[in-house]
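User: I have just opened this one and would like some help finding my way around. Could we go through it together?

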Amino acid sequence: NNFAGKGIKLETNLALGEDSIRGIFDYTHPNFAYSDRALTTSLQSTVSDKLTKYGYKSSLNSIGLGTEYEQFDDLFFAPSIAISNEKLETNSSASAAYKKQEGSYFDTMFRYGLTYDKRNVKFQPTDGFLSKWIQHLPIASSSPSILNGYSITAYKEPIDDMIISTGFFGRAINSVGDDDVRVSSRLYAPSKRLRGFETGAVGPKDGNDYVGGNYIATINTSSTIPYVLQTQENMDLKVFLDVGNVWGVDYSSSVDDSNKIRSSSGLALEILTPIGPLSFSYAEVLTKADTDK
């Protein structure tokens, strides 16, 4: 968060899965050329190799350039341009829907976000709310789609040492024209929004393959437990409830769109460490679809 003592933010993320690998590198200068505007550059590479299991492999590489600045009081505008190249390979065991999408795709997208920040403090707020709208619009695309998203989280401290937060998170992706949304662009529930469920193993399932959905919605509420760990200023113990759904399959009417409410509840321990805040959660699933993990 403060690389070279200049407030520069560097983020790297490497995720290794059973059949996938994803790498991300982001660089953000908060006051580029003393303009009071942030400059962000990003690189991302993702490979999902499911040739053996489900007959397809997707490779995606992208680069982005954007900025963010305060347009009005507490209202931040963040436009960016992203260029990506994707290749989808299939073999004889792939479904007809995946075989139809086989090929190479080149996309140029305009993305923007509007953030309205009325929190009293940025870290561990006790009052106010954070509201964010995002949209991804195709400028030039082999199979264009539009992503819309909105999230809001509100904070309140009804009594000392008891901070309640409640939030909504929603995403929708739809194709433009007759093409289906590509496999790499379909939506999955973020793990921090639906705790207790395995990442990527919630929602519509085509055979044995979790294919994601066209829509996501979650509601999350949590509360610190008052008078517990009061002597530990760098620790918070919370109780939480997560409720959500991943649904919608545009490429096939024969695949169950998995329109069922998922929910979980549990405890979370948040610790402020020298390398940043860490969160540990224990969740019990309350409701789920039979196919969810």
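Analyst: We can take two residues, then some strand pairing, and then the cavities, keeping in mind throughout that this is a predicted model.

User: Let's start with Thr90, then: where is it?

Analyst: Thr90 sits in strand β5, which covers residues 75-90.

User: And is Thr90 buried or exposed?

Analyst: Thr90 counts as buried because its relative accessible area is 16%, and the cut-off for buried is under 20%.

User: What does Thr90 touch, leaving aside residues up to four places away in sequence?

Analyst: Thr90 touches Leu51, Gly55, Tyr56, Tyr98, Lys99 and Glu102, and with Glu102 there is also a polar contact between the two side chains, at 3.0 Å.

User: OK, now Ser58: which strand is that in?

Analyst: Ser58 belongs to strand β4, made up of residues 56-72, and Ser58 is buried too, with a relative accessible area of 7%.

User: Which side chain makes a polar contact with the side chain of Ser58?

Analyst: That is the side chain of Glu86, at 3.0 Å; Glu86 is also among the residues that Ser58 touches once those up to four places away in sequence are set aside, and the others are Thr46, Val47, Ser48, Lys87, Leu88 and Ser184.

User: Switching to strands, what does β14 pair with?

Analyst: Strand β14, residues 262-273, pairs in the antiparallel sense with strand β13, residues 235-247, over 10 bridges, and β14 also pairs in the antiparallel sense with strand β15, residues 276-287, over 11 bridges.

User: Which residues stand opposite each other there?

Analyst: Taking one example from each pairing, Lys238 has Ala268 in β14 as its bridge partner, while Leu269 stands opposite Phe280 in β15.

User: How many residues are between β14 and β15?

Analyst: There are two residues between β14 and β15, and these two strands form a hairpin.

User: Last topic: how many cavities of 30 Å³ or more are there?

Analyst: A search of the whole structure finds two of them; the largest has a volume of about 60 Å³, and the second largest has a volume of about 40 Å³.

User: What lines the largest cavity?

Analyst: Its lining includes Tyr188, Pro190, Phe197 and Glu198, and by class the lining of the largest cavity has seven nonpolar, three polar and one charged residues.

User: And what about the lining of the second largest cavity?

Analyst: The lining of the second largest cavity divides into five nonpolar, one polar and three charged residues, among them Tyr98, Asp180, Arg182, Arg186 and Tyr251; Tyr98 came up earlier as one of the residues touched by Thr90.

Conventions:
Residues are numbered from 1 along each chain as its sequence is written. This is a predicted model: local features need pLDDT of at least 70, side-chain atom pairs count only at pLDDT 80 or more; totals for chains, interfaces and linings use all residues. Side-chain values use heavy atoms; hydrogens and water are left out. Helices (H or I, at least four residues) and strands (E, at least two) are DSSP runs, numbered from the N terminus. Buried means under 20% relative accessible area, exposed over 50%, partly exposed in between (1.4 Å probe, protein chains only). A polar contact is a pair of N or O atoms within 3.5 Å; within protein, one must be able to donate a hydrogen and the other to accept it, and residues adjacent in sequence count only if both atoms are side-chain atoms. Contact means heavy atoms within 4.5 Å. Two strands pair if DSSP finds at least two bridges between them. On a 1 Å grid over the protein atoms alone, a cavity is a set of points where a 1.4 Å probe fits but cannot get out, and a pocket is an open set with protein on both sides within 12 Å along at least five of seven lines; lining residues have an atom within 4 Å of a point. Grid points are joined across faces, edges and corners, and a volume is the space filled by probe spheres set on the points. Ala, Val, Leu, Ile, Met, Phe, Trp, Tyr, Cys and Pro count as nonpolar, Asp, Glu, Lys and Arg as charged, and the others, Gly among them, as polar.
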